[in-house]
Each structure stands twice: as structure tokens, then as C-alpha cells.
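Q: I have a protein model open and would like to learn how to read it. Could you walk me through it, feature by feature?

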Amino acid sequence: MEAADLHPRAQHPPRGDGDGDGDGDGTGWVGVDRGLSALVVAGTADGVETFRADAPTALRSQAARTRRLSKAVSRKQKGSNNRSRAVARLARHHTRVRNRRQHVLHQVTSRLVKTHDRLVLE
């Protein structure tokens, strides 16, 4: 990867190179790529992988429960109290899955920002 240097007033102070080898040269450049098998892969310009985050399994692991709750909603008569309760259960389930996925994204992005000086996204 190649990138032009930023103006000195736009740069953050270096925290080390962020590759974990402890040499602390202050460059900290890392390229971040979204993958198919992994959620995020980060690597340096010379091809050394510094970080890999696997894809979250919240959606896949909860698919059977989502399917069961969706079927329960479709079996209820429209406008009934039982249907509204079933819809509320399904909505709570979707909210839990969404929150788990967002939590994983927050953990991954926070770790990348805390351990590297500069991120280059592809």
C-alpha cells in the first residue's frame, strides 16, 4: 500500500508501529480489508498479518429461533392479542441479535484504533 504523508498538524502523535513486534518505529501503518471468511484482516505494507477478526456468528446461531418465532407469528390470527405478543417476542429477538452484532463491530474497530496509528481501508 502507498499513501502520502499527512500535514504535520493533521497527524496524531505516534504510539509505536502497532504491529506488536515492539520495535516502536512510530510508523503504525496498517491496511484493513473486509473479507469473506473473516470479518476484518489487517496487515502491514510488507504483507505481515497483524490482526484478524472472525465473522460474528450471532445471526447464524440464532437462525433456528428466528425461524420458529416467525412461524409462530404467521400462525396467529391478524389483529389478535396473541399475534401482537408473538410480534413483540420476535422483535425482542431481532434486537438481541442486532445488539450482539453491533457489539462485535465495536470491539473490532476499537481494538484496531487503539493498537494502530494509521488505518488504510480498502
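Q: Let's start with a pair of side chains. Which residue forms a salt bridge with E49?

A: Happy to help! Keep in mind that this is a predicted model. The idea is to look for a side-chain nitrogen of Lys or Arg within 4 Å of a carboxyl oxygen of Asp or Glu. Here the partner of E49 is R52, and their closest N and O atoms are 3.0 Å apart. By this rule, the count for the model comes to 1 salt bridge.

Q: Is E49 buried or exposed, or something in between?

A: For this you look at relative accessible area: under 20% is buried, over 50% is exposed, and what lies in between is partly exposed. E49 has 44%, so E49 is partly exposed. R52, with 43%, is partly exposed too.

Q: Now let me step back. How many helices and strands does the protein have?

A: There are 3 helices and 4 strands. Their order along the sequence is worth tracing with your finger: β-β-β-α-α-α-β.

Q: And what share of the residues counts as buried?

A: You take the whole chain and ask which residues fall under that 20% cut-off. Of the 122 residues here, 23% count as buried. You can look at the outside as well: the accessible surface comes to about 9100 Å², and 51% of that surface belongs to carbon and sulfur atoms.

Q: How much of the contact in the protein is between residues 24 or more positions apart?

A: To read this, set aside pairs that are close in sequence and look at contacts with a separation of 6 or more. Residues 24 or more positions apart account for 52% of those contacts.

Q: Let's zoom in on a helix. How far does α2 reach from its first C-alpha to its last?

A: One way to read a helix is to compare its reach with the span expected at 1.5 Å a residue. Helix α2 covers residues 63-75, which makes 13 residues, and reaches 18 Å, close to the 18 Å expected.

Q: Which residues of α2 are buried?

A: They are T66, L69, A72 and V73. Try looking down the axis of α2: these buried residues fall within an arc of 125°, so they line one face of the helix. That buried set packs against α3. On the face turned away from the buried side you find the exposed residues S74 and R75.

Q: Why does R75 count as exposed?

A: Compare its value with the cut-off. R75 has a relative accessible area of 62%, so R75 falls in the exposed class. You can also use R75 to see how two helices sit: R75 and A86 are 11 residues apart in sequence, and their C-alpha atoms are 9.8 Å apart in space. A86 is one of the buried residues of α3.

Q: Then what covers the buried residues of α3?

A: First find the helix: α3 has 35 residues and reaches 51 Å from its first C-alpha to its last, close to the 51 Å expected. Its buried residues are A86, L90, H93, V97, V108 and L112. The cover over them includes β1, β2, β3, α1, α2 and β4.

Q: Where should I look for residues of α3 that are partly exposed?

A: Try H103, which lies in α3 and has a relative accessible area of 45%, so H103 counts as partly exposed. T115, also in α3, is partly exposed at 35%. The C-alpha atoms of T115 and F51 are separated by 9.9 Å, although the two residues are 64 residues apart along the chain.

Q: Which residues form a nonpolar patch on the surface?

A: Here you look for nonpolar side chains that are accessible and lie together. V113, L119 and L121 form such a patch, with about 280 Å² of accessible area together. V113 belongs to helix α3 and is partly exposed at 48%.

Q: One last stop: where is S37?

A: S37 is in the loop between β1 and β2. With a relative accessible area of 65%, S37 is exposed. To read its contacts, leave aside neighbours within four places in sequence: S37 then touches R52 and A55. R52 is the salt-bridge partner of E49, which brings us back to where we began.

Technical notes:
Residues are numbered from 1 along each chain as its sequence is written. This is a predicted model: local features need pLDDT of at least 70, side-chain atom pairs count only at pLDDT 80 or more; totals for chains, interfaces and linings use all residues. Side-chain values use heavy atoms; hydrogens and water are left out. Patches are made of residues with over 30% relative accessible area and no salt bridge: like charges are joined within 9 Å, nonpolar side chains (Val, Leu, Ile, Met, Phe, Trp, Tyr) within 5 Å. Accessible areas come from the Shrake-Rupley method with a 1.4 Å probe; for residues, only the protein chains shown count as cover. Helices (H or I, at least four residues) and strands (E, at least two) are DSSP runs, numbered from the N terminus. Buried means under 20% relative accessible area, exposed over 50%, partly exposed in between (1.4 Å probe, protein chains only). Contact means heavy atoms within 4.5 Å. The expected span of a helix is 1.5 Å times one less than its number of residues. The arc is that of the directions from the helix axis to the C-beta atoms.
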